[in-house]
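Please examine the sequence and the structure shown below. The report then treats selected features in turn.

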Amino acid sequence: MKRWDDRGKGMLLDLAAYSVIAESNVAQDFPDYAYNHPLMTPQNEIYSDSTISRFIREIDDNDRVEFLNSWNANHDKNEKIYVSYDSTNKNCKAGDIEMAEYGHPKNDVGAPIINYSIAYDMTNEKPLLYESYPGSIVDVSQLKYMLEKIRGYGYEKIGFILDRGYFSRANIQFMDSCDYDFVMMVKGRASFVHSLIMEHMGEFESKRACSIKAYRTYGMTVKAKLYTDDDTDRYFHVYYKAKKQASERARLEADLDRMEAEMDKIKGGEYKLPKRYEHYFKLTYHKDKFYGYEGREDVIERELQLCGYFAIVTSEKMTASEALNLYKSRDISEKLFGSDKTFLGNRSFRVASSQAAEAKIFIQFIALIIRARIYTLLRKRKAEMPGKPNYLSVPSALKELEKIELIRQPNGNYKLDHAVTATQKVILGAFGLDEEWIKAQARQIGKDIQNAAMPEEQKDDDEDAENEEY
């Protein structure tokens, strides 16, 4: 943010840190957080909630665009990377937010929503960009616009890891036109996926050569076309997992039992059952009254047989194990979304204007960059340690580091309340820090607080004395 002064940069980073540490985005609570934490504003100055709200409203489109441009300009475009792209939505009850529209939220609370998506660089483990768009736009249609933005930033050697919600012929053709690779979970109900699995059923499920031990899964790879007039062979990776079969079969049978019980209860009444019932049962109606049902045995038998199977399609030639490892790496970006809602207090927006909503999304993106870095370093440290200690998760580590406090002494000086613990040393080590760094920071923060409280004349005298001593 080259055009910003130190105060603005400090407030932006303070708000991002507040989101990560306090797990909140409520501006009214920021002064309480600021009173007990070192700040990045000059002289640790604490600003009121009204100042914070005004600051948020002043962040404009140019600021956000400038940040994303410079953030992506620093990336090595010659490096091949895989990007995980996913979206979520946030409730927003304010009446004059342009993007807040009724859509298809995962958890519908009856409120308008704002859609929000992130492209996450799996290779370098950092978010690349974000998008916010109206709640009525479905995820599958937004992908093309994100791909165009990615291309605008100059990324060429790139592949995308996508879930089944983005599977469409138009999206695949557009990725082909951009010469982008993809790893995509295919929709389980697609007829060509069913036929592909049924065709190869029994060929690999018990062969040790097809075992993917890390996931207790068996897999094989076949070449096929995605659609009839597809001019490119794709690589389909078909998988079977015994544990997944047991859970899916139990869930399907319980679902069928529930539907049958519901239909037995409403026989003779004026009811129109959802289309999902028609997939498994032939329904009989007479003059708007529901009279009975008959199971579609061929459909039910086929779906019971398909329990435990799933498929991934890739544009690039690779083994079933490589494709599954790449797709499973999406867990990091999914946890990022989990942190965005759960750990950053961002399940809902508390704003009164479109400008403030956009600014809060921007601040949360910066907070996610920071939290993703913390997560990555802690995860690497945890992998190096025997026993995999549970205090190396982000919430646990931050909670432990929060215990490092400065206490005000009678003479006005601030000093560490106690020595750094062994657990805190392990956590700090993940970031390349140690106890001496903490002591140095404590001295500097204490000095900054003292100087901020001093009259200007006394500051000048102290600086002269310090220069003479030097």
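The sections below describe pockets, cavities and several local elements of this predicted model.

## Largest pocket

The largest pocket has a volume of about 1,700 Å³. Two or more residues of its lining come from each of α1, α2 (30–35), α13, α14, β12 (406–408), β13 (414–416), α15 and α16. Helix α16 gives the largest share of this lining, namely 9 residues.

In total, 44 residues line the largest pocket, and I21, H37, P38, E402 and I445 are those nearest its centre. By character, the lining of the largest pocket comprises 32 nonpolar, 6 polar and 6 charged residues.

## Cavities

The structure contains 2 cavities of 30 Å³ or more. The largest cavity encloses about 80 Å³ of space. Helices α1 (6–22), α3 (49–58) and α13 each contribute at least two residues to the lining of the largest cavity.

The residues lining the largest cavity are L15, Y18, S19, S24, N25, V26, A27, I52, I56, K360, I363 and Q364. Of the lining residues of this cavity, 7 are nonpolar, 4 are polar and 1 is charged.

## Helix α15 and its surroundings

Which residues of helix α15 are buried? Within this helix, which spans residues 422–430, they are Q424, V426, I427, L428 and A430. The buried residues of α15 pack against three helices: α13 (354–384), α14 (394–401) and α16 (435–453).

Helix α15 is also among the elements that give two or more residues to the lining of the largest pocket. Just after α15, residue G432 adopts a positive phi of about 75°.

## Strand β4 and its partner

Strand β4, covering residues 158–162, is mostly covered, with 5 of its 5 residues buried. Its side chains divide by direction: I158, F160 and L162 point one way from β4, while G159 and I161 point the other way, and all are buried.

Strand β5 (residues 181–185) runs parallel to β4, and 4 bridges join the two strands. Across this pairing, G159 stands opposite D181 in β5.

## Two residues of helix α7

Helix α7 spans residues 191–200 and includes H200. Is H200 buried or exposed? H200 counts as buried because its relative accessibility is 11%, below the 20% cut-off. Apart from neighbours within four places in sequence, H200 is in contact with E205, M220 and V222.

M198 is likewise found in helix α7. M198 counts as partly exposed because its relative accessibility is 33%, and the range for that class lies between 20% and 50%. Apart from neighbours within four places in sequence, M198 is in contact with Q305 and L306. M198 and Q305 are 107 residues apart in sequence, yet their C-alpha atoms are 8.7 Å apart in space.

## Cysteines

How many disulfides does the model contain? The count comes to 0 disulfides, the criterion being a pair of cysteine sulfur atoms within 2.5 Å.

Two cysteines may be described by their accessibility. C210 counts as buried because its relative accessibility is 18%, which is under the 20% limit. C307 also counts as buried, because its relative accessibility is 5%.

Methods
Residues numbered from 1 in each chain as written. Predicted model: local features only at pLDDT ≥ 70, side-chain atom pairs only at ≥ 80, totals over all residues. Heavy atoms only, no water. Buried < 20%, exposed > 50% of the residue type's maximum accessible area, 1.4 Å probe, protein only. Contact = heavy atoms within 4.5 Å. 1 Å grid on protein atoms, 1.4 Å probe; cavity = no way out; pocket = protein on both sides within 12 Å on 5 of 7 lines; lining within 4 Å. Points joined across faces, edges and corners; volume = space filled by probe spheres on them. Nonpolar A, V, L, I, M, F, W, Y, C, P; charged D, E, K, R; others polar. Pairing = 2+ DSSP bridges.
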